[in-house]
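Me: I'd like to go over how some of the labels on this model are justified. Could you show it first?

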Amino acid sequence: MTENVQQVEEQVEELEEIDLTAANEVIDKYIDMHGNLMPVLQGIQEAYGYIPEVTVHLAAERLNVYASQIYGVLTFYAQFHLKPRGKYIIRVCMGTACHVKGAGRIGDAIVDRLGIGHAETTEDLKFTAEYVACIGACGMAPVIMVNDATYGSITVQKTAEVIEKYKAMD
Amino acid sequence: MVNLTIDGKQITTAKTSTIYEAAKENGIYIPVLCYAKKLLPYGACRICLVEVEQMKGRLIPSCTTPVTEGMVVTTLSDEIRKVRKTVLEFLLVNHVVDCPVCDKGGECDLQDLTYEYEVVTNRFEGEKFDLPTDEVNPLIERNMNRCVLCGKCVRVCDEVVGYGSYSFINRGFETKIATAFDRGLNCEFCGQCVSMCPVGAILPRPFKFKARPWQLKEVDSVCGYCGNGCTVTLGVKDNQVQTIRFNEDTGVNHGNLCVRGRFGYSYVNDSKRLTKPLIRKGGELKEASWDEAFATITEKFKTAGKDLGIISGARLTNEELLLLKRVSSAIGTQNLDHSGGECYKGLTEGLKETMGISASTGTFPQVEKCDAILAIRSDFYETHPVFGMVINQAIRLNDAQLAVIADKRGKLSKLPNARTLIHKPGCEINMINALCQVIIAEGLAQTAGLQGITELTKALADYTPEAVAGMVGADAEAIKKTARELANAQNAAIVVAYGLPYTAYSKEIAIAAANLALLTGIAGRDGSGLYLCGEKANSQGAVDLQIIPGPAGLGAQQVLSTAAEGKLPVLYLVGEDPLVSYPDQTLVKKALEKTFLVVQDLFMTDSAKYADIVLPAASFAEKEGTFTNAERRIQRLRAGIKSPGEAKTDFAIFQQLLDKLQKTAPTTPAAAFSELTAEVSGYTDIIYEQIGAQGQVWGGETLVPVKKVLVPVAGMEPLQADYQLLVGSALYHSGTVSTRSKGPMSVCPEPYIEFNRDDAATFGVTTGEMVQLKADGVAIQAKVKVDNRLPKGVLFAPYHFGELGLNKIYKGQSVIAVEPGKI
């Protein structure tokens, strides 16, 4: 059983080698601010594209906040990501209007094409799919977004085309 | 005070009370799930909703609502009943109702409430959780399918323990309690979360499927490990201690316990316990009768007379120590001592010289209300874990400023408001002197009634913060800040721990601390105090009862060195294993070999193997009597089980010894206590039968110094060596007894040598690899543990493990120069 405890320790020890300079800079910037956890985490996410585990332990140590508490914050807010994300984020609107107009099939089409469902990322880190509530473009339902570009009145066929377009891009 | 009406009853209560507390005080029942007396109000579960006439139209959580003048409260009505039932229905939507196999069954708040509110059917339907059980660690099992999200575990781990294992993660229906990154629990295993959990979500693993709660006989006693004296409730079934439970309502230290207190009980039931007296015949220890053993011992003791040496442990009760003293005077020897003889000298010599007393001046509840605390040397979270929690409470509830003078960082350093003043090993006195210097130089000293201020001022001239900082590598500004805080605080505490691994300069450190306590007025001021906390459960009792050498007697160290020279005919060891725990193993070994050795213990200890007679003794769980803890609190032990085989309590053994020596002895611990109140100053007027759940503090909450003499004491030269080893106590262990307990051993099973990351890298070692330490030509080996709390060049090793042979190189010094090397 003690081996198990050691395993947990090793899990933590064996964290990926990540350059912590950027995370340290973010922490330096906010260290004296009251209520600095959110901006620190946002800053780290901006620098790394997601929140690597080592940076959580670093922030815990330097801000004197429990790692468990930081993890609680990270899992509470949808804005934080604990795994690396794709270069292109495909947001599939699942709001009422899109839902009625068949958003489910659009989601399925992405699964078919890229093999990724909600909150999943392709292995080559090119695409991440996200099912979101409403992106405020109900007039164009069903709608998807790829990063900042919006594609309205989309069909399964058109989804495939959009995916191909981004696949071809770097 | 505030007047209000609850259920038609007129109530007067404190302004700070909540409705729930006011009701509880007056015997009015309101159900709760998330409320706990020692935690801040939370209001998560909504079970305690009540009606308040002035706030008609909505229900109010009674656990978070403060009382106001003229409030009219109804705690139960049809409406309230309906709402509470609905809350329970919601909880039961996804709660797995696996009561038949749940260890909590029978004392589960959710089960009880479901029964009370007759939640037979549920109007709601939903998915049951199907989360894996966390059973990665050996002590605490977490089954989150049973969780009701009251958050008590999260809060106790933060507010009291200060470890922060848990947090709420995710949102909405998916909310659950988890550790960082939702891994298996890997913490200090104090089990505070176990005691808080109202349902079967967090359970003690060693107790799984051992007994239903109602089958347990509960016996309130005192923890047998350290000097905190926490109340433990023995859960007894089949003459075995099946578990240790906590007593939140009336227990000392709020029912808080640490890993040793809660999980370190299995040694009591161990099959390796000694059950019969053993006598060495033909070179081998053979089972014998008590009569034979007593006959030989009496004869040997009588022949030895004044040359008999007696070394006792500090886990005997006061009554047993009284009888031991009687034995020693019946024989006519003054060679009586305890706990290695050196470590307690801070009390018997240091405080005696400066303040004329030999005990801490305040109590733990007073520490909780302090606004400045100075911890010296030991990390209390390791040596006295529950005292660490007391300090944490002072910080959380009172925003106390904590300063730590230490040679390594520890958990205290991680608390909010903590300022750690790291210094070179062995130089605590220099640091304390610097604090005194600042207080005098800045005119902050309270000099009224102090003797020796001129001499001290002169002696401290060289201890300016700058000079000391330069010498021992601390920060001068931090020293000044700390000194000012201590001098200006309304209530302040200075806390020092002592014990077998901290024997060096114990007298000098105590004197330096006493100087500081006198200059700041901390000693003897109500609410403030100087605390010297002993390592063992009855360390303070042993000092109170003067288990120390008489004027012509030899102390423990001299007894051993005399024995090593072959000049001590008989040595009587009572509950001590010096071969493992005393400094200088070579000397101890020689001593044990050359003398006629009588050992009285629970186990065949390393020292007992050298014995000519071994007497089987009883553990704390088998004893009646009293312990005096580090805050002078006298508490009663109650026997939960019978001793195995023919083993006897130390009380019974001494009684019969006295009988054989034709001396009368008190027949019961109660009778012994009333005799000792006549002998021990401070204990007068305390009546055994009247010692209640909270014990009785001798000398009052604040012990006033008899005199106030400042005594200059010189600092130490830092040791010049590239690698320096600190010896100390590990969190999971206490003395050597805990190494015979499954709980502590399952999480800290073997000795280790702690390295900081840089040093580990220098030697190319990582956690788990073997390393060797050489000192004075002697080498010891152990596994490496890499951590980030030690300064560079400083190593640490715990002293509890016989197999490490740490005392081959530890000879009582504060720090040891070592040469580490990879094997």
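Reply: What follows is a short round of questions about one strand and then about the domains.
This is a predicted model, where local features need pLDDT of at least 70, side-chain atom pairs count only at pLDDT 80 or more, and totals for chains, interfaces and linings use all residues. Residues are numbered from 1 along each chain as its sequence is written, while chains are lettered from A and ligands numbered from 1 in the order in which they are written.

Me: Why is strand β20 of chain B called largely enclosed by the rest of the structure?

Reply: Strands are DSSP runs of E, at least two residues, and helices are H or I runs of at least four, numbered from the N terminus. Buried means 20 or more other C-beta atoms within 10 Å of a residue's own, with C-beta atoms placed from the backbone (12 or fewer is exposed, in between is partly exposed). Six of the six residues in β20(B), 492–497, are buried, so the strand counts as largely enclosed. B:Ala492, B:Ile494 and B:Val496 cover one side, and B:Ala493, B:Val495 and B:Ala497 the other.

Me: How do you know that β20(B) pairs with β21(B)?

Reply: Pairing takes at least two DSSP bridges between two strands. β20(B) and β21(B) (529–533) have five, in the parallel sense, with B:Val496 opposite B:Leu532. β17(B) (372–376) also pairs with β20(B) in parallel over five bridges, and there B:Ala372 partners B:Ala492.

Me: Where do the domains of chain B come from?

Reply: Their bounds come from an automatic or database domain assignment; domain 4, for one, spans 345–533.
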